[in-house]
Amino acid sequence: MDYDIRAQQKLNSLIENRSCTLLAIETSCDETAAAVVKDGKTVLSNAVYSQVELHKKFGGVVPELASRSHVEKLTPTVELALSEAGLGFCDLDAVAVTARPGLVGALLTGVNYAKGLAYGLMLPLVGVDHILGHIAANYITSPELAPPFVCLAVSGGHSHLYLVESYTKFTLLGRTRDDAAGEAFDKSAKLLGLPYPGGPLIDKYAAKGNAKRFQFPEPQISGLNFSFSGLKTSILYFLKNAGKSNVYKEEFVATAAEQKQFISDNIEDICASIQS
């Protein structure tokens, strides 16, 4: 039987019966992940391979290296997910994969792998918007949750505010107009000289700091939209000026040694103020 016809028939049956054992594949950035999910809300396994050590020496994600790593790790990660779930390929009803947004090369590795797997198993293939995937994850952690609700989706490269009207209808209320919150965290950490990934370290230091000691601009521009580029610029000048000002003035610029000492002496308060 033709693959397209059989896959569509299988998908129609799954929708009608509301029952499905799904293999989900994620390669949008720097983590190779595979999970087996039962009926949309029960996670039978979740295998993740992190590339942090691979990118650490570069201070950020290198797209080409991320793609190559996904190629190497996809098969063992999928096999691990199936093993932990106690299932085989023959037990699957469908394959889902992150199709957008993300690093193009990284996405392609996952999509092409999932396409081949679905075709070989004669199963439906479902492309997933990974921002909507973040929203759907709330149904797993909070099974009692049901639409309608408002959801703030904040991941490494995205900051979006959605009205979730139903399980399949989403209205975008606001979003970042430039950088995402996660990017602001990581780039601020880099300015502070913290190792990659720096965002979690800012959070760690902030827990012990005074968030009201230093003032930075709030990242909101109009309505429900955000802008984090001005916040990053303010932090950049603040550190270059060793805390004297967060706007550029040549007479305020401190030496590299003075900047380093200022950061060292005030790291907890700086991080708390940035996070706030």
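In which strand is valine 150 found? In this predicted model, valine 150 belongs to strand E6, which covers residues 149-155. That strand makes a convenient starting point, and the description below moves outward from it.

E6 is part of an open sheet of three strands, arranged in the order E6-E7-E8 with antiparallel pairing. The two edge positions are taken by E6 and by strand E8 (170-175); each has a single partner strand, so one side of each is left without a neighbour in the sheet. On average, neighbouring strands of this sheet are turned by 25° against each other, direction ignored. As a reminder, strands of a sheet pair through backbone hydrogen bonds, either parallel or antiparallel.

The pairing can be followed strand by strand. E6 and strand E7 (residues 158-164) run antiparallel and are joined by seven bridges. Along this pair, valine 150 stands opposite leucine 163 of E7, while serine 155 has histidine 158 of E7 as its bridge partner. The connection between E6 and E7 is a hairpin with two residues between the strands. On the other side of the pairing scheme, E7 and E8 also run antiparallel, here with five bridges. Tyrosine 162 stands opposite leucine 172 in E8, and a hairpin of five residues leads from E7 to E8.

What lies across the three strands? Helix H5, made of residues 130-141, lies across E6, E7 and E8 and runs at about 60° to E7. In a regular strand, side chains alternate between the two faces of the sheet. E6 shows a covered face with Phe149, Cys151, Ala153 and Ser155, and an uncovered one with Val150, Leu152 and Val154. Valine 150, on the uncovered face, has a relative accessibility of 52% and therefore counts as exposed, the cut-off being over 50%. Together with Leu173 and Leu224, Val150 makes a nonpolar surface patch of about 250 Å².

Some backbone details of the loops also deserve a look. Two cis peptide bonds may be of interest to anyone preparing the coordinates for calculation. One joins proline 147 and proline 148, with omega at about 5°; proline 148 sits in the loop between H5 and E6, and so this loop leads into the strand described above. The other runs from tyrosine 196 to proline 197, with omega near -5°. Proline 197 is placed in the loop between helix H6 (181-191) and helix H7 (199-206).

Positive phi values occur at two residues that are not glycine, aspartate 39 and alanine 242. For aspartate 39, phi is near 55°; this residue lies in the loop connecting strand E2 (31-38) and strand E3 (42-50). Its relative accessibility is 41%, so aspartate 39 counts as partly exposed. For alanine 242, phi is about 50°, and the residue lies in the loop between helix H8 (229-240) and helix H9 (256-275). Is alanine 242 buried or exposed? With 14% relative accessibility, alanine 242 counts as buried, because the limit for that class is under 20%.

Note on methods
Residues are numbered from 1 along each chain as its sequence is written. This is a predicted model: local features need pLDDT of at least 70, side-chain atom pairs count only at pLDDT 80 or more; totals for chains, interfaces and linings use all residues. Side-chain values use heavy atoms; hydrogens and water are left out. Patches are made of residues with over 30% relative accessible area and no salt bridge: like charges are joined within 9 Å, nonpolar side chains (Val, Leu, Ile, Met, Phe, Trp, Tyr) within 5 Å. Accessible areas come from the Shrake-Rupley method with a 1.4 Å probe; for residues, only the protein chains shown count as cover. A salt bridge is a side-chain nitrogen of Lys or Arg within 4 Å of a carboxyl oxygen of Asp or Glu. Helices (H or I, at least four residues) and strands (E, at least two) are DSSP runs, numbered from the N terminus. Buried means under 20% relative accessible area, exposed over 50%, partly exposed in between (1.4 Å probe, protein chains only). Two strands pair if DSSP finds at least two bridges between them. Axes are lines fitted to C-alpha atoms, for helices over the stretch in contact, and angles run from 0 to 180 degrees between N-to-C directions. Contact means heavy atoms within 4.5 Å.
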